[in-house]
Amino acid sequence: MNLRQLSEQLGLSQTTVSRALNGYPEVSEATRLRVQAAAKAANYTPNSRARKLATGRSMAIGHVIPLSGKEELVNPIFADFITGAGGVYAREGYDLLLSMVPLEGVEDAYRQMATNASVDGVMVQAPKLDDPRIALLQDLELPFVVHGRTAEPAGYSWLDVANARAFRRATDLLLDLGHRRISLLNGQETLDFALRRRRGFEEAMAARGVPVNPAFMHSAAMTEQYGHRTASALLDQDDAPTAFLVSSIITAIGVRRAAGERGLRTGRDISIICHDDVLSYMANDGINAPEGPAFTATRSSIRAAGERCAEMLLALIDNPSQPPLQELWETDLSLGRSTGPAPS
C-alpha cells in the first residue's frame, strides 16, 4: 500500500495523512490516532521522498568532521557516538549526512548545507573552549546540538559530562590511596572536555596541598600509542609516577602495556584510573566478574550520549522556538583491579 491508497481508504488528503504520520500539530489528535492505526493495520511504511515533499524537510542531519591530521575523531569513541545518534535518526526516518572536510573548509561546509537546505539540523562534536562554530550556526539559523560545551555554554543546546567533577573524584581516590606522584595523560587540551578534566585534577591536588609536577602533565590525541610512549618515558625516570590518571581507556591500555614491559603489576606497583566511554568493542573487561573490571574508571556511555543528542536535535527541529536544551551527565566511578595503595 502506498500513501495515495492509504489516503483514499481513510477519505483524507495525502498531505493530511502524511502530516498525521509525522506528528504535525495542526492535525487533530483524533485524526492522528486514526491514521496511525490504519497505517499499522496496513503495514504501511512512509516513502521517504513523499515524506520530504509533505513536510518540506530534507529529512537529513549533518555531521561536519574537520580533518586536522589528528586521531581525535576517527576512533572508536567517534564511531560509538555516530552509532548511537544514527540509530535514532534511522528510527525517525532521517538520513545522516557525514561531511569530512579540511579544517579551513568547515565554515564553507556549514554555509553550503544552509544554502542548499540539504539538512534540517547539525550535530557539533569536540567543541573548543571558544568555538566559532556556535556563532556561525546561530547566524545561519540551523538547529544544532553540541556534544560537549564551550567556556560560555549559554544560549545554545548541549549535552556534556561533568568532566571536572569526574576527574576531581578520581584524583581524590588516588590521593586517598596515598599516591602523591600522579601523572595526568589528558586528551588534546585545545578541546573543552580536556581542559575541564585538567581543572578537576589540579583542583583536587591543590585542595590536598600536593604540588603538580609539570613533567607529569601530558596531552595528545587519545591513542594507545600515546599512552604507551608517554608512560614508558615517565616510568624510566628515577622519580617515576606511582599513578596515572588517563582520559581514555584506549590510552590506558597503552599505559598498562608500558608498565607490564617493566615488570610492574597494575594495582600493586602502579595504579591507573581512566575515563571509560563504555565502548561497544573495547569493553572494560570483567565488569560483572567478582574481581571487578580491569580498570578503575569514571564511566559514561558515549553511545547513550549519541542517542540523547540526536533526540534533542530532532526535538529542536520539531519545535525550533523552544528554549535551548541543556543536559549535564554525572559519571559513575567504578572500582577495578588497576588501583591500589601507593607503594612504600
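Arg308 sits partly exposed, with 28% of its relative area accessible, and Arg308 is also one of the residues in a salt-bridge network that takes in Arg91, Glu92, Glu311 and Glu327. Keep in mind that what you're looking at is a predicted model. A search of the whole structure turns up 25 salt bridges, and a few of them are picked out below, along with a nonpolar patch on the surface.

**Arg308 and its network**

- Arg308 pairs up with Glu327 through a salt bridge, with 2.7 Å from N to O.
- That pair ties together distant parts of the chain: Arg308 belongs to helix α12 (residues 302–318), Glu327 belongs to strand β11 (residues 326–329), and the two are 19 residues apart.
- Glu327 comes out at 22% relative accessibility, so Glu327 counts as partly exposed.
- Shared partners are what join the salt bridges of Arg91, Glu92, Arg308, Glu311 and Glu327 into one network.

**A salt bridge within helix α11**

- Arg257 and Glu261 meet side chain to side chain in a salt bridge, at 3.6 Å from N to O.
- Both residues are in helix α11, and because they are four residues apart, about one helical turn separates them.
- Arg257 is partly exposed, at 36% relative accessible area.
- Glu261 is also listed as partly exposed, and the figure there is 47%.

**A salt bridge between two loops**

- Arg262 and Asp236 form another salt bridge, and their closest N and O atoms lie 2.8 Å apart.
- This one links distant parts of the chain, 26 residues apart: Arg262 is in the loop between α11 (249–261) and β9 (271–276), while Asp236 is in the loop between α10 (224–235) and β8 (243–246).
- Asp236 has a relative accessible area of 53%, which puts Asp236 in the exposed class, since the cut-off for exposed is over 50%.
- Arg262, at 30% relative accessibility, counts as partly exposed.
- As for the general idea behind such pairs, side chains of opposite charge can pair when their charged atoms come close.

**The nonpolar surface patch**

- Leu67, Leu96, Leu98 and Met100 make up a nonpolar patch on the surface, and the patch covers about 320 Å².
- Strand β2 (residues 95–102) supplies the largest share of the patch, with three residues.
- Leu96 is found in strand β2, and at 33% relative accessibility Leu96 counts as partly exposed.
- That value fits with Leu96 being in the patch, because patch residues need over 30% relative accessible area.

Terms used: Residues are numbered from 1 along each chain as its sequence is written. This is a predicted model: local features need pLDDT of at least 70, side-chain atom pairs count only at pLDDT 80 or more; totals for chains, interfaces and linings use all residues. Side-chain values use heavy atoms; hydrogens and water are left out. Patches are made of residues with over 30% relative accessible area and no salt bridge: like charges are joined within 9 Å, nonpolar side chains (Val, Leu, Ile, Met, Phe, Trp, Tyr) within 5 Å. Accessible areas come from the Shrake-Rupley method with a 1.4 Å probe; for residues, only the protein chains shown count as cover. A salt bridge is a side-chain nitrogen of Lys or Arg within 4 Å of a carboxyl oxygen of Asp or Glu. Buried means under 20% relative accessible area, exposed over 50%, partly exposed in between (1.4 Å probe, protein chains only).
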